[in-house]
Amino acid sequence: MRRFTLPVLLAAAFLPAAPATAAPADSNGGASTYGFDPGQLGAAIPPPGDTGGSPVADAATLHGGAAEAPADAPQAVKAAIAAANHIRHKPYVWGGGHGSWKAAGYDCSGSVSYVLHAAGLLDSPRVSGALESWGAKGRGRWISVYANGGHAYMVIAGLRFDTSGRGQSGPRWRSENRSPRGYRIRHASGL
């Protein structure tokens, strides 16, 4: 079993947390739109001023292509990782994830939006250019979104989740580094 970790990103600033939003229910009487229930993971965002312990986040690990969250990760981070794992075999589909959270495939911003939504951090999908202004400026302690007018990807607990990189296209955990040059870096307050 191979394990990969990427450098952990420090937060640029810790601002008061936004209120958590519950995972949406579908028309089937409350079943999750994700195919799993991220709401079972608990509150999405820590209270203001709570940094969750040490000043540096522990890194997630990869096991057979799926990420495993650090035990001390906030519930929103665990929900984000679970959501990314859920769609990590989907193909790249331009516009995928923008018409419905449950899609046959996802594009870059659709996959980032899906993961943020499952973590209670985004209400509706955004294209990559709109993700340039999501959240607060700078890197997050646990979740960072990298966006420009043509592409978006994210780093969760030190692991990159991206639709492009080595291997198959589509939303995947990527073990290789990617330059942040040309991207605006954003994070959720408190994460």
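The largest nonpolar core in this predicted model takes in 37 residues, and the members that touch the most others are Val 77, Val 115, Leu 116, Ile 143, Met 154, Ile 156 and Trp 173. Elements putting two or more residues into this core are α1 (75–87), α2 (108–118), β4 (143–147), β5 (152–156) and β6 (159–162). Helix α1 chips in the most, with seven residues. Set apart from this core is another one, made up of five residues, including Tyr 146, Tyr 153, Val 155 and Ile 185.

Stepping back to the whole chain, the protein has three helices and eight strands, strung along the sequence in the order β-β-α-α-α-β-β-β-β-β-β. Its length is 191 residues, of which 48% count as buried. Among contacts with a separation of 6 or more, 62% are between residues 24 or more positions apart. As for the outside, about 8700 Å² is exposed, with carbon and sulfur atoms supplying 53% of that area.

Strand β4 is worth a closer look. Five of its five residues are buried, so the strand is largely enclosed by the rest of the structure. Ile 143, Val 145 and Ala 147 point one way from β4, while Ser 144 and Tyr 146 point the other way. On the pairing side, β4 and β5 run antiparallel and are joined by five bridges, with a hairpin of four residues linking the two. Within this pair, Ile 143 sits opposite Ile 156 of β5. Strand β4 also pairs with β8 (residues 184–187), again in the antiparallel sense, over three bridges. Here Tyr 146 faces Ile 185 of β8, and both of these residues belong to the five-residue core.

Ile 143 itself keeps plenty of company. Leaving out neighbours within four places in sequence, Ile 143 contacts Val 77, Ala 80, Leu 116, Leu 121, Met 154, Val 155, Ile 156, Arg 186, His 187, Ala 188 and Leu 191. Of these partners, Val 77, Leu 116, Met 154 and Ile 156 are, like Ile 143, among the members of the largest core that touch the most others.

Away from β4, His 63 is found in strand β1 (residues 61–63). Its relative accessible area is 18%, and because buried means under 20%, His 63 counts as buried. The His 63 side chain is not without a polar partner: it makes a polar contact with the side chain of Glu 68, at 3.3 Å.

How values were computed: Residues numbered from 1 in each chain as written. Predicted model: local features only at pLDDT ≥ 70, side-chain atom pairs only at ≥ 80, totals over all residues. Heavy atoms only, no water. Buried < 20%, exposed > 50% of the residue type's maximum accessible area, 1.4 Å probe, protein only. Contact = heavy atoms within 4.5 Å. Areas by Shrake-Rupley, 256 points an atom, 1.4 Å probe, with all protein chains shown as cover. Core = buried A, V, L, I, M, F, W, Y, C linked by side-chain atoms within 4.5 Å. Polar contact = N/O pair within 3.5 Å; in protein donor to acceptor, adjacent residues only side chain to side chain. Pairing = 2+ DSSP bridges.
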